[in-house]
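Subject: A structure to look at

Dear colleague,

I am passing on a structure that I have been going through, and I would be glad if you could open it beside this message. My notes on what was found follow below.

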Amino acid sequence: MSRTIPVGLGSRAYDVVVGDGLLDTAGRFIAPFLKRGRTAVVSDETVWALHGERLTAALASAGVTALPVIVPPGEQTKSFEGLADVSDRLLALELDRGDLVTAFGGGVVGDLAGFAAAIYKRGIDFVQIPTTLLAQVDSSVGGKTAIDTPRGKNLVGAFHQPRLVLADLGVLATLPDREMRAGYAEVIKYGLLGDLRFFEWLEANAAAVLAREPEALAQAVARSVEMKAEIVAEDEREQGRRALLNLGHTFGHALEAETGYGSALLHGEAVGAGMALALRFSARQGLVSGQDAERGVRAVAAGGLPTRLDEVPGHPFDAARLVAHMAQDKKAEAGRLTFILMRALGDAFTAKDVDAAAVRDFLIEEGARG
Ligand SMILES: NC(=O)c1ccc[n+]([C@@H]2O[C@H](COP(=O)([O-])OP(=O)(O)OC[C@H]3O[C@@H](n4cnc5c(N)ncnc54)[C@H](O)[C@@H]3O)[C@@H](O)[C@H]2O)c1
Ligand SMILES: O=C(O)C(=O)C[C@@H](O)[C@H](O)[C@H](O)COP(=O)(O)O
Ligand SMILES: [Zn+2]
């Protein structure tokens, strides 16, 4: 059984298909987007070793040749060097504008391959086959593509929507538990930012989702995608409501930049800690009740995610350096900080012009160095 969730973007509309075993029918889904029977498949070494043969066979059975472009796994690959490497290899394959790039992996591969597709010969089509929980619920949908720079996360990128997303829940069977927990951060984010019922469902079903129980997993992925699709369709370029998807990211991206994008702190872990900080900062500002904030933090912790700075590798962080990273955030305007804060569980909002000194004081209270 699969579910198809449309992303209603007019001429750039596409479907997200969620189900078990979709990889084996990938050729049938992808063939209609091809002008000739081939696609470059950008993947990382780990995903390719585990699932590359299966995808290659599925494509071949529909008359499609896979041209692999395999990159090292991990956040460090989402860099200028990684982008140059992928772009050069797509050129070496002599892809033209009628060809298609398939991003087959987690958010790193999706963001990198998507950005390469956005700028290759000024733009070619791509499809996403996300293989992590995080990529299935979040990064494969919505068209944000980017690389990191030492100055900050995702600072160089483009909006480039995929033509199709195929989320095969079965491939998550090989995903390490730590990566499941990191992906769960983006799942709970949807409940916190805009759906109290989903949040409550997750409070009751976190363990089942993390254990990959088929029904719970399918429900968590489908509801997350549904929420993201609805928000992206309303605000593709983050002029308003889409910024809510950044809950936990202003704090989280600053922590990622400070830890140097290594394996010590995964994006989802940074978002987990970032959401806990956003909840407590909201309470400190009198925006949300202390009770709601604590309940939100408990739900993040139940996902096995860090919720305090002293649980984040790199602690103690320098408060001023964290605030400096936040000023580079894409939501900041004229040097003024923007955060996604909470009014209640299931009710987040965009707070513009947040006082940098208040954020710094809060971070010091939370254990950062003054
Ligand atoms: N574009 C967006 O809207 C968006 C949204 C959220 C996150 N992101 C970005 O996504 C990135 C994080 O993505 P991620 O968490 O998927 O990390 P990732 O792509 O690094 O994948 C995590 C690890 O899991 C491995 N892996 C992937 N699929 C596997 C599988 N099925 N079985 C076994 N191992 C597997 C990978 O090789 C990698 O080592 C960050 O760069 C973040 O900024 C982007
Ligand atoms: O799709 C979005 O919009 C998001 O903000 C989703 C986030 O989970 C994701 O990490 C995104 O890449 C962050 O965007 P950025 O614009 O802050 O780089
Ligand atoms: Zn994210």
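The side chains of R3 and E226 form a salt bridge, with 2.7 Å from N to O, and please keep in mind while reading that this is a predicted model. Across the interface of domain 1 and domain 2, the rule finds 6 salt bridges, and it also finds 17 residue pairs in polar contact there, where both residues have pLDDT 80 or more.

As for the elements on the side of domain 1 that touches domain 2, those that give two or more residues are the strands β1 (2–7), β2 (14–19), β7 (144–149) and β8 (152–159), together with the helix α5 (133–139). The residues of that side divide into 16 nonpolar, 8 polar and 8 charged.

To place these contacts in the chain, the domain assignment gives domain 1 as 2–174 and domain 2 as 185–366, and the contact takes 32 residues from domain 1 and 31 residues from domain 2. The C-alpha centres of the two domains lie 26 Å apart.

How much area is buried between domain 1 and domain 2? The value is about 2900 Å², and carbon and sulfur atoms give 61% of this area. Of the area that domain 1 buries against domain 2, V137, K153 and F159 supply 21%, which is more than any other three residues supply.

With best wishes

Key. Residues numbered from 1 in each chain as written. Chains lettered and ligands numbered in written order. Predicted model: local features only at pLDDT ≥ 70, side-chain atom pairs only at ≥ 80, totals over all residues. Heavy atoms only, no water. Domains from an automatic or database assignment. Contact = heavy atoms within 4.5 Å. Buried area = accessible area lost by both parts, 1.4 Å probe. Salt bridge = Lys/Arg side-chain N within 4 Å of Asp/Glu carboxyl O. Polar contact = N/O pair within 3.5 Å; in protein donor to acceptor, adjacent residues only side chain to side chain. Helix = DSSP H or I, 4+ residues; strand = E, 2+ residues; numbered from the N terminus. Nonpolar A, V, L, I, M, F, W, Y, C, P; charged D, E, K, R; others polar.
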